[in-house]
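The following exercises ask the reader to work from a structure to reasoned statements about its parts. Each task is followed by a solution in steps.

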Amino acid sequence: MGSLDTILHMEYHVRVIEVFSLGNAAFSVRFERPPAFSFLPGQYIVVKTGTGISALTKPLTISSSPSDDYLEVTKSSTGHPFAESLRTLTAGDEFVIRGPFGDFTFQGEYGRVAFIAGGIGITPLWSMILNAAEVLYDTDITLLYSAKTEADVLFHKRMTDIAEKNHHLSIVITLTAPTQGWKGHTGRINRWMIEQEISGWQDRVFFTSGPPGLVNAILAILREMGVPDNHNRFEYFPGY
Ligand SMILES: Cc1cc2nc3c(=O)[nH]c(=O)nc-3n(C[C@H](O)[C@H](O)[C@H](O)COP(=O)(O)OP(=O)(O)OC[C@H]3O[C@@H](n4cnc5c(N)ncnc54)[C@H](O)[C@@H]3O)c2cc1C
């Protein structure tokens, strides 16, 4: 009999459907969803590649929607051993997942929310946006998303398509290393950008996700703006 943890968070051997690039910054691994596996948008799994002493294990957010019949994770392309062991998987390969874990989730508990993402921190918010587009038609979401270049903006086309159809979703992107011709915001997310772009921010619950430096900087700004702690949900992606 397994430990309580194993029972509560089942381990599954899953099979790759496909691995595809999302520009230079990241790639996605789509894999078969075990029939018994359910999760909430924003949750993560622990992914193990390899076996024995060459096994590598890291937490990764599920970047697909709970309504999809497959599961997906999106990994930043760091070139490091774990990233490479995932990137080089091909259809039919097996790996192990455990989960789901985490309480950085959103399924319509608040009518008006603000999502703030830095780089790969978009993954839990993307799952929430996909879910909201499918089932939470009236939830008002503004996403403020910081990436390096336009090519590094993950899920850009799908995001824009959803925002065009759903007027309750607004997307604002800022680039820290914009290429010539970019007409949107530039530089890191700052107080002015939040106040300017997130209408009615006083009434929204904030969900912030990204590398610890970015999350801490945003939390400091939100506190300075007077956003109460119980309107501040956040997820750290350590390891950057
Ligand atoms: C709840 C949660 C959810 C997460 N979700 C995601 C997600 O959806 N997508 C995602 O990509 N990540 C996610 N992460 C982060 C993820 O778990 C990894 O930590 C991260 O992706 C980096 O992994 P890596 O193997 O590519 O790099 P690592 O090998 O862990 O390297 C990380 C850093 O260490 C440095 N480094 C590594 N090896 C060396 C060395 N030998 N000498 C010096 N420096 C070194 C690298 O330069 C890099 O800056 C999540 C983390 C948490 C906690």
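The radius of gyration used here is taken over C-alpha atoms, and the globule rule is 2.2 Å times the number of residues to the power 0.38. The model examined is a predicted one.

**Exercise 1. Overall form**

Task: Determine whether the radius of gyration of the protein agrees or disagrees with that of a compact globule.

Solution. Begin with the chain length: for 240 residues, the rule gives a radius of gyration near 18 Å. The protein has 18 Å, which agrees with the value for a compact globule. Next, consider the extent along the principal axes, where the C-alpha atoms fill a box of roughly 50 × 40 × 35 Å. Within the protein, 35% of the 240 residues are buried. Finally, of the contacts with a separation of 6 or more, 71% are between residues 24 or more positions apart. The secondary structure consists of six helices and twelve strands.

**Exercise 2. Helix α3**

Task: Compare the expected span of helix α3 with the distance between its end C-alpha atoms, and establish how many of its residues are buried.

Solution. Helix α3 covers residues 122-135, which is 14 residues. The expected span is 1.5 Å times one less than the number of residues. For α3 this rule gives 20 Å, and the end C-alpha atoms are 20 Å apart, so the two agree. As to burial, a residue qualifies if 20 or more other C-beta atoms lie within 10 Å of its own. Twelve of the 14 residues of α3 are buried, so the helix is largely enclosed by the rest of the structure. Among them are Trp126, Met128 and Asn131.

**Exercise 3. Domains and the ligand**

Task: Locate the ligand with respect to the two domains.

Solution. The protein is divided into domain 1 (4-101) and domain 2 (112-236). The contact between them takes 16 residues from domain 1 and 13 residues from domain 2. On the domain 1 side, six of these are nonpolar, ten are polar and none is charged. The C-alpha centres of the two domains lie 24 Å apart.

Turn now to the ligand. It is surrounded by 20 residues, of which the closest are Thr61, Thr78, His80, Phe82 and Gly239. By class, this shell holds nine nonpolar, eight polar and three charged residues. At least two residues each come from β4 (56-61), β5 (70-76) and α2 (81-87), and β4 gives the largest share, with four. Both domains give residues to the shell, so the ligand lies between them.

**Exercise 4. Two residues compared**

Task: Classify glycine 102 and threonine 174 as buried, partly exposed or exposed, and describe the setting of each.

Solution. Glycine 102 is placed in the loop between β6 (94-101) and β7 (112-118). Glycine 102 has 17 other C-beta atoms within 10 Å and is therefore partly exposed. Beyond its neighbours within four places in sequence, glycine 102 is in contact with Gly42, Gln43 and Tyr44.

Threonine 174 lies in strand β9 (residues 169-175). Threonine 174 has 20 C-beta neighbours inside 10 Å and therefore counts as buried. Leaving aside neighbours within four places in sequence, its contacts include Ser146, His185 and Ile189. From isoleucine 189, threonine 174 is 15 residues apart in sequence, and their C-alpha atoms are 7.1 Å apart in space.

Key:
Residues are numbered from 1 along each chain as its sequence is written. This is a predicted model: local features need pLDDT of at least 70, side-chain atom pairs count only at pLDDT 80 or more; totals for chains, interfaces and linings use all residues. A residue is near a molecule or strand if its C-beta atom, placed from the backbone, lies within 6 Å of it. Ala, Val, Leu, Ile, Met, Phe, Trp, Tyr, Cys and Pro count as nonpolar, Asp, Glu, Lys and Arg as charged, and the others, Gly among them, as polar. Domain bounds come from an automatic or database domain assignment. Two residues are in contact if their C-beta atoms, placed from the backbone, lie within 7 Å.
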